[in-house]
Structures are given as structure tokens and as C-alpha cells.
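Visitor: I would like a close look at the charged pairs in this model, followed outward into their surroundings. Please give the cut-off behind each term as it comes up.

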Amino acid sequence: MTTRPVRLAAPSRSSLSSLLASYSCILLILLSLSLPPTVSALKFDLQASAAGTRRCVSQFISDKQLVVGTIHASDGSNQKVDIEVFDQSPHANKYWHKLNIANEQKFAFNAHDDAEVHFCLTNTLDVGVVQTADHKRTVTLHIDTGAEALDMSAEIKEKKLRPVEAELQRLEAVLTEIGGQMETMKVREAAMRDVNESTNSRVKWFNLLTMIILVSSGVWQIAYLRRFFQAKKLI
């Protein structure tokens, strides 16, 4: 009795593609979970003064980008912490202004221009109170922008998404945002390249015009001096 070797069927292309896609998703999730968060809270002490001690934090935010923030100010007697959020665009947009912050406050807005957005806090001491080193309040500021600021809780509840699926959707939103930022950077790079080439062309023609003027002036001076000396019969 002879035995024939058994040949295993080679996996199809579709099964290989599905397997590679599954492995890629798993690796992507593990990588995202292993990386530290890109946005962390900023915590600092803000000293109080009669004129008001001001401290600003700035971040570049793109046009129409969602911004969600949380600010928490610790308790402090005879002190008042105010916050003002604005940008340095030509329109000087003002997004949020809150006086006398107590405990935790949340805010959200969409940027109107590509500009540096400033989050400025001021701690003012009450009138008649003598300033001391103990007059300060601890401020915690947390800011999320773009895809990181999206609230997916309603979508997760509506579509009954599993944690893995929700994380994949979040990563997809982040990648989409990064792709948009790269396209914006390409457009800006092209604009800067055009400006650079235009400036180089203008400098080249300016230098050429300067050389022509200098040579023409030198030739005219030589001709003038020659006629002058000939008139004086010096040559």
C-alpha cells in the first residue's frame, strides 16, 4: 500500500488580505494604547496682586477647528481669577470670557481663523487686602483640539460600538485630521516657494539694474572728465 503526500491548499488572496488587515488593526490599537496622550493638563500657581497678575498660554489652532477645554481654579480667599480666550488674527476674534472662576468650568468653540489662540488668566486681589505670598491659586488648564475634542459617547451608545471599534473610529478621525493638516502645510509650502522665487527674481533684476546704472555712470563720468580735460587742453 502506497501513501501519497498530502498537499495543503494555499491560502487565497482574500484570506491573506483579511489576515493582514486584522494584524494591522491590532498593531495600530496596541501602538495607540502604548503611546502617551498627546494633550496633557497644564497646572501652575497664579499669584494674586492688586493690579492683577496675568499669565497666558498660547496654541496655534486651524480655521474651523473644534476646541474643548476645562479650567479648574483652587479655592482662595480674597482673590478673583478671570479668563479670556482670543486669537491674534486680523479679525481679533474673542471666543470666551469668564469672570471670577470658581471650581471647574468648561468651554467649547470653533476657531474662525488660522492663528495663535491665547488663553489668558488674571488673578486679582480684593481691594484693601495686603498682598502676601500665600495669596495664590492653583490653576489647571486642559485643552483638546480637533479629533481629540470630539465627543463620541452618543455615537458609541447609538451604534452600540465596542471599545475596539470606538478606538478605531477615533484613530480614523485623528488620521483624517493629520491628512488635512498635511495638505494645508503643502499649500503653505507652495505659497512660500512662490514668494521665495518671486523675491529671488526681483532681487536678480534689481542687481542687474544696479550694475547697468553703475556701469553707465562710470562711462558717463569718464566721458565727461575727458571732455573737461580736452576743453582745458590738459590732454
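**The salt bridges and their setting**

Guide: Of the 235 residues of the chain, 23% count as buried, where buried means under 20% relative accessible area, exposed means over 50%, and partly exposed lies in between, with a 1.4 Å probe and protein chains only. This is a predicted model, in which local features need pLDDT of at least 70 and side-chain atom pairs count only at pLDDT 80 or more, while totals for chains, interfaces and linings use all residues. Residues are numbered from 1 along each chain as its sequence is written, and side-chain values use heavy atoms, with hydrogens and water left out.

The mean pLDDT (the predictor's confidence in each residue, from 0 to 100) of the chain is 80, and 79% of its residues reach 70 or more. Over residues 5–11 the pLDDT is below 50, and that stretch has one contact in the model beyond near neighbours in sequence, a contact being heavy atoms within 4.5 Å. Residues 31–39 likewise have a pLDDT below 50, with six contacts beyond near neighbours in sequence. Where pLDDT is low, the predicted coordinates should not be read in detail.

The chain has three helices and eight strands, taken as DSSP runs numbered from the N terminus (H or I over at least four residues for helices, E over at least two for strands). Along the sequence they follow the pattern α-β-β-β-β-β-β-β-β-α-α. Among contacts with a separation of 6 or more, 76% are between residues 24 or more positions apart.

Now to the charged pairs themselves. Side chains of opposite charge can pair when their charged atoms come close. The structure holds five salt bridges, each a side-chain nitrogen of Lys or Arg within 4 Å of a carboxyl oxygen of Asp or Glu. Arg 54, Glu 84 and Lys 94 are linked in a network of such bridges. One link of the network is between the side chains of Arg 54 and Glu 84, at 3.9 Å from N to O. Arg 54 belongs to strand 2 and Glu 84 to strand 4 (residues 79–87), so this pair ties together parts that are 30 residues apart in sequence. Glu 84 also meets Lys 94, at 3.4 Å from N to O. Because Glu 84 lies in strand 4 and Lys 94 in strand 5, this second pair ties together parts that are ten residues apart in sequence. Lys 94 counts as exposed, at 62% relative accessibility, and Arg 54 is partly exposed, at 46%.

Arg 54 has further partners within strand 2's surroundings: leaving aside neighbours within four places in sequence, Arg 54 is in contact with Glu 84, Phe 86, Cys 120, Leu 121 and Thr 122. Between the C-alpha atoms of Arg 54 and Thr 122 the distance is 4.3 Å, although these residues are 68 apart in sequence.

Cys 120, one of those contacts of Arg 54, is joined to Cys 56 by a disulfide with an S to S distance of 2.0 Å, the term covering a pair of cysteine sulfur atoms within 2.5 Å. This pair links distant parts of the chain, with Cys 56 in strand 2 and Cys 120 in strand 7 (residues 115–125), 64 residues apart. The link is right-handed, with 110 degrees about the S-S bond. Cys 120 counts as buried, at 2% relative accessibility, whereas Cys 56 is partly exposed, at 38%.

Another of the salt bridges brings together the side chains of Asp 45 and Lys 136, at 3.9 Å from N to O. Asp 45 lies in strand 1 (residues 42–47) and Lys 136 in strand 8, so the pair ties together parts that are 91 residues apart in sequence. Asp 45 is partly exposed, at 42% relative accessibility, and so is Lys 136, at 38%. His 135 is in the loop between strand 7 and strand 8 (136–145), and is buried, with a relative accessible area of 12%. Apart from neighbours within four places in sequence, the contacts of His 135 include Gln 47, Ala 48, Ser 77 and Gln 79.
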